[in-house]
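Visitor: I should be grateful for a close look at the charged side chains of this model and the way in which they pair. Please treat the matter in one connected account.

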Amino acid sequence: MAHTTDVDPFAAVESLRSALDEAGIVLPSLAVDPATPSLRLVDLGRVRADVALRLAHALQRRDPAA
């Protein structure tokens, strides 16, 4: 796993967007937080309750050994 200061937030957003897309989940507000470039924050945004539930189920299905 890369150290937090080594992770490109734009690459992280695209990687997360791709993984979520494979799970059929869209986070419309997913983006790099432009107000905090030195912190490299990713804004996941707000989602409807049904999307949050689908995200939780997708994470729960993951292989714990991964």
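Guide: The account below takes the salt bridges in turn and then passes to the nonpolar core. The model is a predicted one, and a search of the whole structure yields three salt bridges. As a general matter, side chains of opposite charge can pair when their charged atoms come close.

Two of these pairings share Asp50, since Arg48, Asp50 and Arg54 are linked in a network of salt bridges. Between Asp50 and Arg48, the closest N and O atoms are 2.9 Å apart. Between Arg54 and Asp50, the N to O distance is 3.8 Å. Arg54 and Asp50 are separated by about one helical turn, because they stand four residues apart in helix α2. Arg48 is exposed, with a relative accessibility of 56%, which places it over the 50% cut-off. Asp50 is partly exposed at 36%, and Arg54 is likewise partly exposed at 36%.

A further salt bridge joins Arg17 to Glu14, with 3.7 Å between the closest N and O atoms. Both residues belong to helix α1 and lie three residues apart, about one turn of the helix. Arg17 is partly exposed at 34% relative accessibility, and Glu14 is partly exposed at 46%.

Arg17 also leads to the core: beyond its neighbours within four places in sequence, Leu27 is in contact with Arg17, Leu20, Leu44, Val47 and Val51. Leu27 is one of the eight residues of the largest nonpolar core, which also includes Leu20 and Val51. To this core, α1 (9-22) and α2 (49-60) each supply at least two residues.

Note on methods
Residues numbered from 1 in each chain as written. Predicted model: local features only at pLDDT ≥ 70, side-chain atom pairs only at ≥ 80, totals over all residues. Heavy atoms only, no water. Core = buried A, V, L, I, M, F, W, Y, C linked by side-chain atoms within 4.5 Å. Buried < 20%, exposed > 50% of the residue type's maximum accessible area, 1.4 Å probe, protein only. Contact = heavy atoms within 4.5 Å. Salt bridge = Lys/Arg side-chain N within 4 Å of Asp/Glu carboxyl O.
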